[in-house]
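Q: I'm new to this one. Can you walk me through it?

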Amino acid sequence: MDRKSGILADRAISALFAEGRLKSEGALDDDQIQPASLDLRLGSKAMRVRASFMPGRAHTVAEKLERLTLHEIDLREGAVLETGCVYIVPLMESLDLPEEISASANPKSSTGRLDIFTRVMVDHAQEFDKVPAGYRGQLYLEISPRTFPIIVRRGSRLSQIRFRTGHALLNETDLLGLHAAETLVASDAPNVSGGGIALSIDLKGSGSDGLIGYRGKHHTAVIDVDRKDAHDILDFWEPLYSRGGNELILDPDEFYILVSNEAVHVPPLYAAEMTPYDPLVGEFRVHYAGFFDPGFGHAAAGGTGSRAVLEVRSHEVPFILEHGQVIGRLVYEHMQEHPQGLYGAGVGSNYQAQGLKLSKHFRRG
């Protein structure tokens with residue numbers, strides 16, 4: 001039975017386009033609509049700006065860009081975005097939302113795993129990655145590559161957006177009940193608090209080689225965000241191995257790819273989101289919150305054993321992570337209806353049934 005509140009599924013997102021509530025400068029990509037989200041595409045130009053900014057209640061993004069733009073970059077044939085710089089790109093998609101529908105955005109999984117900092121902005125916004133109910137206007141993406149310089153072009157997809165009506169978050173009692181019925185994380189005694197279910201870190205390594213993660217290298221070549229299996233891992237990453245101590249010292253401002261100790265499951269009638277863990281427990285954070293679509297880790301969609309890959313950064317001081325330490329939380333929301341497709345089941349998913357896995361841009365072997 002369909003709900004009045006909840007995350008809009010693929011069928012409803014398609015309907016928004018048909019009704020003119022979602023608009024695009026060009027025809028949609030075949031796999032652009034996901035089970036519970038829409039991939040957003042870069043437009044034809046990027047503005048290099050002096051600094052990140054918030055439009056604020058009194059201004060549009062375009063008004064701020066008039067004052068802050070250093071130069072404009074043509075993306076139609078592809079362009080390099082450098083580390084340490086901030087760029088604003090008008091997106092190909094724009095909105096004319098009904099009064100009851102709001103939205104939120106997040107980097108795509110591959111974007112986070114490349115340490116590309118992205119945030120969606122809208123006119124008169126006072127928060128990043130939030131689109132108020134009834135918003136009508138352009139969408140913009142702030143992009144700041146942190147570790148690797150990147151090549152992007154018109155149509156590149158770095159961010160994704162979810163649409164919702166009403167309040168759909170599961171509370172702690174709901175989470176415990178759903179876990180008992182569906183096993184949300186592979187734990188007999190799940191840590192449910194703060195509105196989410198905890199994930200811990202694997203620092204033992206499940207493979208015979210003891211690989212526990214990767215640390216990003218500096219001063220590398222560029223990564224083309226639209227090319228799959230194009231780069232050698234060792235040109236960009238330093239592999240990290242367990243040496244029997246079950247701990248890892250995070251160096252300040254280094255970027256790490258690690259993996260959860262628990263397998264994760266998102267049942268078909270739910271969507272999940274990774275939230276950064278409370279910084280009061282340590283000087284680190286999961287740097288990129290992320291969406292988990294319905295069907296992630298779902299056995300019927302080929303997802304048995306799917307782990308959460310974690311993009312981790314320490315701040316200010318070195319910090320010791322220990323195996324099994326809580327490092328993030330998943331919050332779950334109701335879907336309005338069952339999606340037509342599930343994550344991993346023929347919708348172009350790259351990370352179903354994953355363990356420790358870098359982004360799709362890197363080839364193994």
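**Where the two domains meet**

A: Start with one pair: Arg164 makes a salt bridge with Glu333, with 2.8 Å between the closest N and O atoms. A salt bridge here is a side-chain nitrogen of Lys or Arg within 4 Å of a carboxyl oxygen of Asp or Glu. This is a predicted model, where local features need pLDDT of at least 70, side-chain atom pairs need pLDDT 80 or more, and totals for chains, interfaces and linings use all residues. Numbering runs from 1 along each chain as its sequence is written, and side-chain values use heavy atoms, leaving out hydrogens and water.

Q: Which domains is the protein divided into?
A: Domain 1 (6-165) and domain 2 (172-334). The bounds come from an automatic or database domain assignment.

Q: How many residues does each give to the contact?
A: Domain 1 gives 33 and domain 2 gives 29. Contact means heavy atoms within 4.5 Å.

Q: What area is buried between them?
A: About 2500 Å², with 55% from carbon and sulfur atoms. That is the accessible area (1.4 Å probe) the two parts lose on being put together, summed over both.

Q: Which three residues supply the most on the domain 1 side?
A: Arg113, Phe148 and Arg162. They supply 25% of the area that domain 1 buries against domain 2.

Q: Back to salt bridges. How many cross the interface?
A: The rule finds 5 between domain 1 and domain 2.

Q: And how far apart are the domain centres?
A: 25 Å, taken over C-alpha atoms.
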